[in-house]
Amino acid sequence: MQGAGRFAPTPSGRMHLGNLFAALLAWLSARSQGLRFILRIEDLDVVASKSSYIPVIEDDLRWLGIDWDEGGLEGGPHAPYLQHERFDRYQQAFDLLQGRGLLYPCFCSRAELHAASAPHASDGQVVYAGTCRSLTAAQIAEKSRVKRPAWRLAVPDRTISFTDRRCGPYQEDLAAECGDFIVRRSDGLFAYQLAVVVDDAQMGVTEVVRGGDLIGSTPRQIYLQELLGCPHPAYAHIPMLIAPDGRRLAKRNKGSDAAVLRERFSAEEVVGWMAHAAGLRPNPTPLSPAQLVEGFSWNLVRGGDIVVGDAFL
């Protein structure tokens with residue numbers, strides 16, 4: 001089967017410039033290699049996600065000049081493409097891991113986790129100390145009477161390494177830098193780490209392009225892929241767009257909101273700026289995504305964060 005790239009936005013609000021930047025680079029990489037391109041909606045958190053944003057996301061992508069071969073509201077051969085409709089797939093993977101004795105219930109509160117754990121050096125996440133890993137059956141039964149547990153995957157003392165298409169070699173010691181991580185939350189929702197591994201494998205995704213802030217998730221996902229017998233896609237973690245004060249671009253930056261961008265600029269102007277910021281073009285000349293496909297290479301994409309000017313804030 002032909003390989004695929006994907007873009008997987010969360011419908012918690014209108015997309016901003018950073019989302020469009022990730023979509024553009026993911027699309028360019030896929031199209032330059034002749035891969036299928038999938039639009040998947042990551043709405044695991046059904047409380048924060050709103051289905052009304054899905055057609056808006058699709059409309060913004062089409063405005064920018066980005067199309068897809070399957071997914072979104074139109075569906076396709078690997079439907080459903082909305083994560084909240086794929087819980088049965090995640091349950092199957094969860095049951096497989098649990099049946100092999102790789103998972104254990106965790107009753108720790110958020111406050112307890114932060115008090116007992118050191119932050120991960122790269123992303124500020126806490127490294128779980130394994131507090132609940134050795135609970136007896138009696139202790140689990142007692143705690144379960146008053147609190148519903150989350151479920152963690154017990155990780156080995158092992159280093160996972162991979163070569164990122166933009167960032168180069170990357171590695172992480174699962175035990176020391178990650179710790180046993182959650183695959184299902186205490187409210188019953190499956191965790192991002194498990195869901196994306198299942199989705200990418202079942203949809204035939206062979207390349208994952210996403211923000212540089214998620215590179216620390218990759219060793220966890222590679223380990224899950226091994227346990228579940230899933231293939232390893234290639235990864236490319238792209239520069240983050242930041243404000244002059246160093247804050248990451250987000251939906252709170254109204255000037256970067258897709259609705260505001262569409263009022264102020266043409267799609268070609270936005271694409272031209274992004275192409276220049278990424279290092280694909282020497283200047284921000286307006287152009288379409290299709291004009292960037294030929295000659296696209298990850299070797300051209302710059303390293304480091306990209307500072308966004310006042311026009312987008």
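**Reading a loop, a sheet and a helix**

Modeller: Let's start with Ala79, which sits in the loop between β3 and α3 (87-99). This is a predicted model, in which local features need pLDDT of at least 70, side-chain atom pairs count only at pLDDT 80 or more, and totals for chains, interfaces and linings use all residues. Residues are numbered from 1 along each chain as its sequence is written, and side-chain values use heavy atoms, with hydrogens and water left out.

Biologist: Where do names like β3 and α3 come from?

Modeller: They're DSSP runs, numbered from the N terminus: helices are H or I with at least four residues, strands are E with at least two.

Biologist: Back to the loop, then. Is Ala79 buried, exposed or partly exposed?

Modeller: Buried means under 20% relative accessible area, exposed means over 50%, and partly exposed is in between (1.4 Å probe, protein chains only). Ala79 has a relative accessible area of 38%, so it counts as partly exposed.

Biologist: Which residues is Ala79 in contact with, leaving aside its neighbours within four places in sequence?

Modeller: A contact is heavy atoms within 4.5 Å. By that rule Ala79 meets Arg86 and Arg89. You can also look at C-alpha spacing: Gln202 is 123 residues from Ala79 in sequence, yet their C-alpha atoms are 9.9 Å apart. And check the backbone here, since the peptide bond from Ala79 to Pro80 is cis, with omega near 0 degrees. Pro80 belongs to the loop between β3 and α3 too.

Biologist: What is the strand order in the open sheet of three strands?

Modeller: Strands of a sheet pair through backbone hydrogen bonds, either parallel or antiparallel. We call two strands paired if DSSP finds at least two bridges between them. Here the open three-stranded sheet runs β1-β2-β3, with parallel pairing. β1 (4-7) and β3 are the edge strands with a single partner each, so one side of each has no neighbour in the sheet. Four bridges link β1 to β2 (residues 36-39), and one to look for is Phe7 with its partner Leu39 in β2.

Biologist: Strand β3 holds Glu70. What is the relative accessible area of Glu70?

Modeller: β3 covers residues 70-71, and Glu70 is buried, at 4%. Beyond residues up to four places away in sequence, Glu70 touches Arg36, Phe37, Ile38 and Leu39, plus Gly75, Gly76, Pro77, His78 and Tyr81.

Biologist: Which side chain makes a polar contact with the side chain of Glu70?

Modeller: That's Tyr81, at 2.4 Å. A polar contact is a pair of N or O atoms within 3.5 Å; within protein, one must be able to donate a hydrogen and the other to accept it, and residues adjacent in sequence count only if both atoms are side-chain atoms.

Biologist: Why is strand β9 largely enclosed by the rest of the structure?

Modeller: Five of the five residues in β9 (residues 207-211) are buried, so the strand is largely enclosed. β9 pairs with β10 (residues 234-238) in the parallel sense over five bridges, Val208 being matched with Tyr235 of β10.

Biologist: How many residues of helix α8 are buried?

Modeller: An α-helix has 3.6 residues a turn, so residues three or four places apart point the same way. In α8 (residues 218-228), ten of the eleven residues are buried, including Arg220, Gln221 and Gln225. Right after α8 comes Gly229, with a positive phi near 70 degrees.
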